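Please open the model in your viewer and keep the selection panel at hand, as each stop on this tour begins with something to select.

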Amino acid sequence: MSLISNDNLKITLSNKDKSLVLVFHEDTNDHLYKCHANNISKMVKKLYKEELLKVYNEGSVYNIAQFYTMEQQARAQEAIRLHYAMDHPSDKSLSAALVSPSVINATITPLDLSNAKVMYGPCPDCLEGKPSRHKGMHHSWDPGGKATNLGQLLHVDIVFIAGKPRLFSVDDITGYIVMARMESKGQADVNNAIDAIV
Ligand SMILES: [Zn+2]
């Protein structure tokens with residue numbers, strides 16, 4: 001909601017649910033309401049932190065703002081989402097995948113992965129050895145049919161890198177990771193990507 005002060009000198013924008021407040025003061029030279037960029041970037045940082053708190057507990061969200069740029073933080077968080085999307089591969093195998101020639105235009109680098117670890121600490125799920133959280137379609141394979149040969153059971157997921165969908169696959173036995181580029185999330189493109197991987 002927005003509020004104009006009685007003297008018309010400032011406008012307050014606020015979101016009560018997220019307890020965010022931005023105050024714009026009137027510039028007497030051009031009569032525009034202005035807010036310092038630092039205040040906006042502070043608010044964005046706060047939002048990032050709240051998003052992280054949904055995944056990590058309070059204790060592991062460090063006060064990192066002064067050490068990393070916003071872009072580095074955003075990339076580190078993208079790296080974490082990738083780690084989750086791929087069912088928690090080790091940093092070693094994910095790094096190897098990111099620099100492999102089969103990965104086209106990956107904007108997340110091994111550096112982002114290691115930055116993520118410094119910023120947010122180790123993944124709590126991996127740390128506690130909990131089975132990774134399976135959502136939606138992950139259980140679509142026959143639960144009795146454990147893979148015995150490489151290539152027999154592939155875990156696949158669609159992830160977005162730089163706004164473009166990619167089909168990621170991890171081989172159950174070897175942990176070998178392949179990523180294929182897709183034009184869209186449409187059935188035909190997913191089928192083509194699966195053909196390319198297999
Ligand atoms: Zn993990």
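Select Ala76 in this predicted model and display its surroundings: leaving aside residues up to four places away in sequence, Ala76 touches Asp112, Asn115, Ala116 and Met119.

Next, widen the selection to helix 2 (70–85) and helix 4 (110–120). Their axes lie 8 Å apart and the two helices pack at an angle of about 100 degrees, and because angles from 65 to 115 degrees count as roughly perpendicular, helix 2 is described as roughly perpendicular to helix 4. To see the contact itself, show Gln72, Gln73, Arg75, Ala76, Glu78, Ala79 and Ile80 on the helix 2 side, which meet Asp112, Leu113, Asn115, Ala116, Met119 and Tyr120 of helix 4. Colouring the residues of this contact by class gives seven nonpolar, three polar and three charged.

Which residues have the most contacts inside the largest nonpolar core? Select Ala76, Ala79, Ile80, Leu94 and Ala116, which hold that position in a core of 13 residues. Helix 2, helix 4 and also helix 3 (91–99) are the elements that give two or more residues to this core. In soluble globular proteins, nonpolar side chains tend to be buried together.

Finally, turn to the strands, four of which form an open sheet in the order 1-2-3-4 with antiparallel pairing. Strand 1 (2–4) and strand 4 (33–34) are the edge strands, each pairing on one side only. Between them in that order, select strand 2 (residues 10–15) and strand 3 (residues 20–26), which pair in the antiparallel sense over six bridges; to inspect one position, pick Ser14, whose bridge partner in strand 3 is Val21.

How values were computed: Residues are numbered from 1 along each chain as its sequence is written. This is a predicted model: local features need pLDDT of at least 70, side-chain atom pairs count only at pLDDT 80 or more; totals for chains, interfaces and linings use all residues. Two strands pair if DSSP finds at least two bridges between them. A nonpolar core is a set of buried Ala, Val, Leu, Ile, Met, Phe, Trp, Tyr and Cys residues joined through C-beta atoms within 7 Å. A residue is buried if 20 or more other C-beta atoms lie within 10 Å of its own, exposed if 12 or fewer, and partly exposed in between; C-beta atoms are placed from the backbone. Two residues are in contact if their C-beta atoms, placed from the backbone, lie within 7 Å. Axes are lines fitted to C-alpha atoms, for helices over the stretch in contact, and angles run from 0 to 180 degrees between N-to-C directions. Angles under 35 degrees count as roughly parallel, over 145 as roughly antiparallel, 65 to 115 as roughly perpendicular and the rest as oblique. Ala, Val, Leu, Ile, Met, Phe, Trp, Tyr, Cys and Pro count as nonpolar, Asp, Glu, Lys and Arg as charged, and the others, Gly among them, as polar.
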